[in-house]
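Hi,

Here is the structure I promised to pass on. Have a look at it first, then read on for what turned up.

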Amino acid sequence: MLLAVDIGNTQTVIGAYRGRSLEHRWRISTDLSRTADEYRILLTGLLSGVPLPLRGAALSSVVPTAVSAVRPVLSELVDGPVVVVGPGVRTGIQIKIDNPREVGADRVVNAIGAVERFGAPVLVVDFGTATTVDVIDSSGAYCGGAIAPGVQVAGDALAAAASALRRVELTAPRNATGRNTTEAVQSGLVFGWAGLVDGLVRRICTEQRLGALPVVATGGLAQLIGPVCETITHIEDDLTLRGLLVVLELNS
């Protein structure tokens, strides 16, 4: 079996593939202080029902300390290549921005997964710690995008800065017009972020002269915000894992 691991600032997603079939998937909180020994215990427990050793693993992360802790653990569990997405790794996608090294590994892997799944051109919206919109043009090249605060980050900042407001459950309210403070905050976060995404997608499509194309939502809050966006056409929870599998295949 093959392992795909994406470590974000807030959540870590792990998938075990048999061939191209995703047989196991886990989403856990990212702990920036987690040590290699803790990752060893965690991964060994999650993989208790998976035949070891694995045939290969691919890792993407925007947290350098996590890469340092996880990489040696993966090497112990894998009898084959351990690929860490970064400069020098074959991705099969051209990065057409001012400084390609600035692009987060997660955004690159999302783009790879989207092209593999939907072809090009395609837009990817990732609802994670940040809300990102990434553009893959008709040639299949990554050509930039937009970064906004994530929904949870905005909600936490609002509660911290406004003494009369508190943190609320992130769920879609009954109506955009909140009848109480909780519903009003939920409306602003859920419907407000849907409007933000729709505005960015439409502006990018006009600017890049893109016609009708797939707009794919992924990330921890995709199932919440994606359905109330007017421009989102697909929701793919496993887009990042799919992109990591493609990278692993290219580098095996």
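Val-62 is a good place to start: you'll find it in the loop between β4 (56–61) and α2 (64–77). Bear in mind as you browse that this is a predicted model. Is Val-62 buried or exposed? Neither, quite: its relative accessibility is 33%, so it counts as partly exposed. Leave out the neighbours within four places in sequence, and Val-62 is in contact with Ile-7, Gly-8, Asn-9 and Asp-106. Take Gly-8 from that list: it lies 54 residues away from Val-62 along the chain, yet the two C-alpha atoms are separated by 5.9 Å.

Now for the sheet. It is an open one with five strands, in the order β3-β2-β1-β4-β5, and the pairing is mixed. At the edges sit β3 and β5 (82–84), each of which pairs on one side only. If you ignore direction, neighbouring strands here are turned by 15° against each other on average. Helix α7 (residues 239–250) packs on this sheet and touches β1, β2, β3, β4 and β5. The direction of α7 makes about 125° with that of β1.

Let's go through part of the sheet strand by strand. Strand β1 (residues 2–7) runs antiparallel to β2, and six bridges join them. As an example, look for Leu-2, which stands opposite Tyr-17 in β2. The link from β1 to β2 is a hairpin, made through three residues.

Strand β2 itself (residues 11–18) is mostly covered, with six of its eight residues buried. On to its pairing with strand β3 (residues 21–29): that is antiparallel too, over eight bridges. Two pairs are handy as landmarks. Arg-18 has Ser-21 as its bridge partner in β3, and Ile-14 has Trp-26. β2 and β3 also form a hairpin, this one with two residues between the strands. What is the phi of Gly-19 in the turn? It is positive, at about 65°.

While you're at β3, find Leu-22, which has its place in that strand. Its relative accessible area is 26%, so Leu-22 is partly exposed. Not counting residues up to four places away in sequence, Leu-22 touches Gly-15, Ala-16, Tyr-17, Asp-238 and Leu-241. Leu-42 is another matter: it is 20 residues from Leu-22 in sequence, and 19 Å from it in space, C-alpha to C-alpha.

Last stop, a pair of helices. The axes of α4 (residues 151–161) and α5 (residues 181–207) come within 10 Å and cross at roughly 150°. An angle over 145 degrees counts as roughly antiparallel, so that is how α4 lies relative to α5. The crossing of these two helices is right-handed. Which residues make the contact? From α4 there are Val-151, Ala-154, Gly-155 and Leu-158, and from α5 there are Val-185, Leu-189 and Trp-193. Sorted by class, the contact of α4 with α5 has six nonpolar residues, one polar and no charged ones.

That's the tour; shout if anything is unclear.

Cheers

Methods:
Residues are numbered from 1 along each chain as its sequence is written. This is a predicted model: local features need pLDDT of at least 70, side-chain atom pairs count only at pLDDT 80 or more; totals for chains, interfaces and linings use all residues. Side-chain values use heavy atoms; hydrogens and water are left out. Axes are lines fitted to C-alpha atoms, for helices over the stretch in contact, and angles run from 0 to 180 degrees between N-to-C directions. Helices (H or I, at least four residues) and strands (E, at least two) are DSSP runs, numbered from the N terminus. Angles under 35 degrees count as roughly parallel, over 145 as roughly antiparallel, 65 to 115 as roughly perpendicular and the rest as oblique. A crossing is left-handed if the near helix is turned anticlockwise from the far one by less than a right angle, and right-handed if clockwise. Contact means heavy atoms within 4.5 Å. Ala, Val, Leu, Ile, Met, Phe, Trp, Tyr, Cys and Pro count as nonpolar, Asp, Glu, Lys and Arg as charged, and the others, Gly among them, as polar. Buried means under 20% relative accessible area, exposed over 50%, partly exposed in between (1.4 Å probe, protein chains only). Two strands pair if DSSP finds at least two bridges between them.
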